[in-house]
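Visitor: Please take one part of this protein and look at it closely. I would like to see how it sits among its surroundings.

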Amino acid sequence: MSPATPPLGTTDSEAVARPTSERHLLDWIGLACRLGLGGVLVVAGALKVSDLEQSVLAVRGYQILPYDLAVVVGYALPPLEIIVGLLLIAGLFTRWAALIGGLFMAAFITGITQAWVRGLTIDCGCFGGGGQVAANQTKYGLEILRDVGLMALGVFLVVRPRTPFAVEHRLFGLPLVLPDDHSDGTD
């Protein structure tokens with residue numbers, strides 16, 4: 001009889017010490033994080049990918065990057081958001097996709113914060129649009145809070161990428177996580 005395989009993202013001693021119900025709860029929280037961050041990235045990218053010129057204008061509105069680099073970022077970001085979001089939704093390369101998604105959020109937080117500190121009045125362009133707006137139309141505080149929350153989802157998945165219904169379990173032979181998974185002999 002072979003010993004039970006500890007859940008991904010945990011050590012043997014953590015897996016033994018943690019009750020099964022807690023592990024299952026963390027699995028489901030991970031699934032919610034995967035779908036939440038992945039869904040937001042897919043929607044954000046999809047809303048921008050059909051108007052890449054506007055995406056470039058939104059990036060240029062932050063006045064951080066040189067013109068040519070802002071063009072590259074404006075064109076590349078929407079498709080990358082969609083790809084990373086789809087990987088998260090599917091549960092494929094979850095840790096790496098979550099890391100990239102979290103880094104996207106960190107970059108967005110930095111960009112929005114510097115615009116706020118410098119007194120720029122721009123729409124973040126996070127879900128399309130972007131560019132100059134009236135001072136009373138900025139929503140920097142809410143946008144930063146939203147992105148901090150989304151970054152937290154990414155951090156959770158980097159630390160604990162094991163989630164139910166992830167494609168990577170089937171493709172790479174990783175232990176399958178199902179709602180009633182009692183394969184570890186506990187419960």
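Guide: Start at L88. Setting aside sequence neighbours within four places, L88 is in contact with R34, L37, G38, L41, T94, A97, A98 and L157. Keep in mind that this is a predicted model.

L88 belongs to a wider group. The largest nonpolar core has 13 residues. Those with the most contacts inside this core are L37, L41, V84, L88, F104 and M105. Four elements give two or more residues to the core: α2, α4 (67–90), α5 and α6 (140–159). α5 gives the most, with 5 residues. In soluble globular proteins, nonpolar side chains tend to be buried together. There is also a second, separate core of 10 residues, which includes Y62, I112, C124 and Y140.

Now take the helix pairs. Helix α2 covers residues 20–49 and helix α5 covers residues 94–118. Their axes lie 11 Å apart, and the helices pack at an angle of about 55°. An angle of 35 to 65 degrees falls outside the parallel and perpendicular ranges, so α2 and α5 are oblique to each other. The crossing of α2 past α5 is left-handed. On the α2 side, the contact is made by R34, L37 and L41. On the α5 side, T94, G101, F104 and M105 take part. By class, this contact has 4 nonpolar, 2 polar and 1 charged residues. L37, L41, F104 and M105 appear again here, having been named among the core residues with the most contacts.

α2 also meets α6. The axes of these two helices come within 9 Å and cross at roughly 130°. That makes α2 oblique to α6. This crossing, too, is left-handed. From α2 come L26, I29, G30, C33, R34, G36, L37 and V40. From α6 come L150, L153, G154, F156 and L157. The residues of this contact divide into 9 nonpolar, 3 polar and 1 charged. R34 and L37 therefore serve in the contact with α6 as well as in the contact with α5, by the 4.5 Å heavy-atom cut-off. L157 of α6 is also one of the residues that L88 touches.

Move on to A90, which lies in helix α4. A90 is partly exposed, with a relative accessible area of 27%. Not counting residues up to four places away in sequence, A90 touches R34, F165, A166 and V167. R34 is thus a contact of A90 and of L88, again with heavy atoms within 4.5 Å. A90 and E168 are 78 residues apart in sequence, yet their C-alpha atoms are 8.2 Å apart in space.

Another helix deserves a look. In α3 (residues 52–61), the buried residues are S55, V56, A58, V59 and G61. What covers them includes α4, β1 (122–123) and β2 (131–132). After α3 comes Q63, with a positive phi near 55°.

Finally, step back to the whole protein. There are 7 helices and 2 strands. From the N terminus on, the elements run α-α-α-α-α-β-β-α-α. Of the 187 residues, 39% are buried. Among contacts between residues at least 6 apart in sequence, 70% join residues at least 24 apart.

Note on methods
Residues are numbered from 1 along each chain as its sequence is written. This is a predicted model: local features need pLDDT of at least 70, side-chain atom pairs count only at pLDDT 80 or more; totals for chains, interfaces and linings use all residues. Side-chain values use heavy atoms; hydrogens and water are left out. Axes are lines fitted to C-alpha atoms, for helices over the stretch in contact, and angles run from 0 to 180 degrees between N-to-C directions. Angles under 35 degrees count as roughly parallel, over 145 as roughly antiparallel, 65 to 115 as roughly perpendicular and the rest as oblique. A crossing is left-handed if the near helix is turned anticlockwise from the far one by less than a right angle, and right-handed if clockwise. Ala, Val, Leu, Ile, Met, Phe, Trp, Tyr, Cys and Pro count as nonpolar, Asp, Glu, Lys and Arg as charged, and the others, Gly among them, as polar. A nonpolar core is a set of buried Ala, Val, Leu, Ile, Met, Phe, Trp, Tyr and Cys residues joined through side-chain atoms within 4.5 Å. Buried means under 20% relative accessible area, exposed over 50%, partly exposed in between (1.4 Å probe, protein chains only).
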